[in-house]
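Visitor: I would like a close look at a single part of this model. Please take me through it step by step.

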Protein chains: 2
Amino acid sequence: MTEIDEAGHPDTASTRDRIMEAAIDLFTEQGFDKTSLREVAERVGVTKAALYYHFRSKEELLASLIERVHGIGNHGLDLLQALHGQDGPLDREAVLAALVVLLDQVLSHRRTFALMERNRTAIEALGDHDPEHQKEHQHLEEQWVEFVGNEHIPFPDRVRISAALGAVMAGAIGTTRGMGRETPTGLRDELVAVVRDILHLSEPE
Amino acid sequence: MTEIDEAGHPDTASTRDRIMEAAIDLFTEQGFDKTSLREVAERVGVTKAALYYHFRSKEELLASLIERVHGIGNHGLDLLQALHGQDGPLDREAVLAALVVLLDQVLSHRRTFALMERNRTAIEALGDHDPEHQKEHQHLEEQWVEFVGNEHIPFPDRVRISAALGAVMAGAIGTTRGMGRETPTGLRDELVAVVRDILHLSEPE
DNA sequence: GTCTATAACCAGATAGAC
DNA sequence: GTCTATCTGGTTATAGAC
C-alpha cells in the first residue's frame, strides 16, 4: 500500500519527502508566493541551502508536488475534449464517465488538488520556464475555453457540464477539509449521484 | 445605470479608476503576487509613485477591488449560516434562496469574483494588517467549516450544498470567460435549475 | 497629481567548506 | 547532504521637486 500523496512516518521519511510535505502544507495554507523557502526549511529543520540540493528552484519544488497527479489528473478533461469533438447533443453517459474518473482522481489526491486550487496562478506561471508544462496546460485550457464557447453545443449542456465540474471539485475538496486521509463513506457515491442529477441521468437499475 | 464593477470609457475615467481597471485585469491573469506595481503603472501610463498617491499600499489596491462586493457578496453565505444554526434536516427552499442570492451577486460582479477565485491566498492575507477584513473573513470561514463538519446535519445534505455552491461558482464564472459584460441569456435560469436538481427541489408550478 | 530618485528590505539562488 | 556566507536583483514604499 504505497502512499502516493505523502510520505510515510515523518521520522523515517527522507529529507526530500519531508521538504515536500512541509511545502504542500505551507503552500496550501499561505499560498506559494507568500511562502518563502526559509519558512519551508525552518519547518523541516534544515537550511535554505539544503533545499537547493534537492530541488533546483522553488518552482521545481512546486512542480514536483503536482507532478504526482499530472498527466493522470487530466484524463477526465481529456475525455471531455474527446466529447467536444462531436458537435451536437452530448453523450451524457460519456460525460458522466469522464467526471467520475476526475472525481476519483480528486478523492485520491485531495491535498494535491487543494494545493492546485489555491495556487492556480502560480501553477500556470510554471510554464514560463518549463516548456512541457506550458504546452500541456495551455492545450487543456484552450480546449476548455473552446468547449465552453462552442455554439454547436446547446448552451444548457455547456452550463451543466461546467456546473458539474465545479460540483465535483467543491464537493470532493470542500467537504473534506481538516479531515483525515480516508475518504468519508458515501462521499463518492453521493457526488456521482449529484453529477447524475445535474446531467439528468437517472439511476442505473 | 451606474456601472459598479468597472469604470466607464477608459478615456474619460479618472486615474484612480484606470488604475483599478488595469489592476483587476493583471491580478486576475497573472495573480496578485506575480504582478508588480510597476506593471500596473506602466499599463495605466503613469509611474509607480502615482499609484501611491491613490492607494496607500498594494494591498489596499487589492482591497479596494473586492470592497465593491464585500458585505454584499457574503449575504448568500450568511444565510447558509442561519440555516446551519438549526440542527436537523435542512430547509432546502431556504438554501436555494440563499444560493440564488449568491448567484446573482456573482453574475453581476463576475470580474471581481474571478479575481477572488484566483487570488484566495492573497485575499486571506489581507487580514494580516487589516483587522476588519480579518474578522469578517475568518468568521465566515469558521462558519463554513463548522457547517461542513456538523454531524447533526445529514452528510448527503452537506455534500450537496457544497456541490451546489461549487456548481454556482463554476457555472457562473467558468461559462462566461472572455465574454462581454452582459450575462448570457438563460444562464441564470439554467443555474437555478441546476441548483434545484442538486437539492432535489422540483420546479415551482 | 504626477514625477525623479532613492531608501530599505527580503526573496531566490550560488560558492565552497565540511 | 548540509552548512555558512554572500551575491544579485527586484519589490514595496517614501521624500521631495514640479
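Is T28(A) buried or exposed, and what is its relative accessible area? Please go on from there to the helices and the DNA.

Guide: Keep in mind that this is a predicted model. T28(A) is buried, because its relative accessible area is 16%, and the cut-off for buried is under 20%. The residue is found in helix α1 of chain A. Look at what touches it. Leave aside the neighbours within four places in sequence. T28(A) is then in contact with A23(A), A114(A), L115(A), R118(A), N119(A) and T121(B). One of these contacts, T121(B), belongs to chain B.

Now follow the helix that holds T28(A). Helix α1 of chain A covers residues 15–30. It packs against helix α4 of chain A, residues 58–67. The angle between the two is about 90 degrees, and their axes are 10 Å apart. That makes α1(A) roughly perpendicular to α4(A).

Which residues meet there? From α1(A) come I19(A), M20(A), A23(A), I24(A) and F27(A). From α4(A) come K58(A), L61(A), L62(A), S64(A) and L65(A). Sort the residues of this contact by type: eight are nonpolar, one is polar and one is charged. A23(A) is worth marking. It meets α4(A) as part of this set, and it is also in contact with T28(A).

Stay with α4(A) for a moment. Its buried residues are L61(A), L62(A), A63(A), S64(A), L65(A) and I66(A). What covers them? The cover includes α1, α2, α7, α8 and α9 of chain A. Here α2 spans 37–44, α7 spans 110–118, α8 spans 120–125 and α9 spans 131–149.

K58(A) leads on to the DNA. This residue of α4(A) takes part in the contact with α1(A), and it is also among the closest residues to DNA strand C. In total, 14 residues surround that strand. The closest also include Y52(A), T15(B), T47(B) and H54(B). So both protein chains appear in the list, A and B. Sort the surface near strand C by type: six residues are nonpolar, six are polar and two are charged.

Next, the contacts with phosphate in strand C. A polar side-chain atom of Y52(A) lies 2.8 Å from a phosphate oxygen. For T15(B), the distance from a side-chain N or O atom to a phosphate oxygen is 2.8 Å. For H54(B), the corresponding distance is 2.7 Å. The elements that give two or more residues to this surface are α3 (48–54) of chain A and α3 (48–54) of chain B. The largest share, four residues, comes from α3(B). Of the strand C atoms within 4 Å of the protein, 61% belong to sugar or phosphate, and the rest belong to bases.

Now turn to DNA strand D. Here 16 residues surround the strand, and the closest are T15(A), T47(A), H54(A), K48(B) and Y52(B). Sugar and phosphate account for 60% of the strand D atoms that come within 4 Å of the protein. T15(A) has a polar side-chain atom 2.8 Å from a phosphate oxygen of strand D. For H54(A), that distance is 2.7 Å. K58(B) uses a polar backbone atom, 2.9 Å from a phosphate oxygen. The largest share of the surface near strand D, four residues, comes from α3(A). By type, the surface near strand D has seven nonpolar, six polar and three charged residues.

Key: Residues numbered from 1 in each chain as written. Chains lettered and ligands numbered in written order. Predicted model: local features only at pLDDT ≥ 70, side-chain atom pairs only at ≥ 80, totals over all residues. Heavy atoms only, no water. Axes fitted to C-alpha atoms, helices over the stretch in contact; angles between N-to-C directions. Parallel < 35°, antiparallel > 145°, perpendicular 65-115°, else oblique. Contact = heavy atoms within 4.5 Å. Nonpolar A, V, L, I, M, F, W, Y, C, P; charged D, E, K, R; others polar. Near = heavy atom within 4 Å. Polar contact = N/O pair within 3.5 Å; in protein donor to acceptor, adjacent residues only side chain to side chain. Buried < 20%, exposed > 50% of the residue type's maximum accessible area, 1.4 Å probe, protein only.
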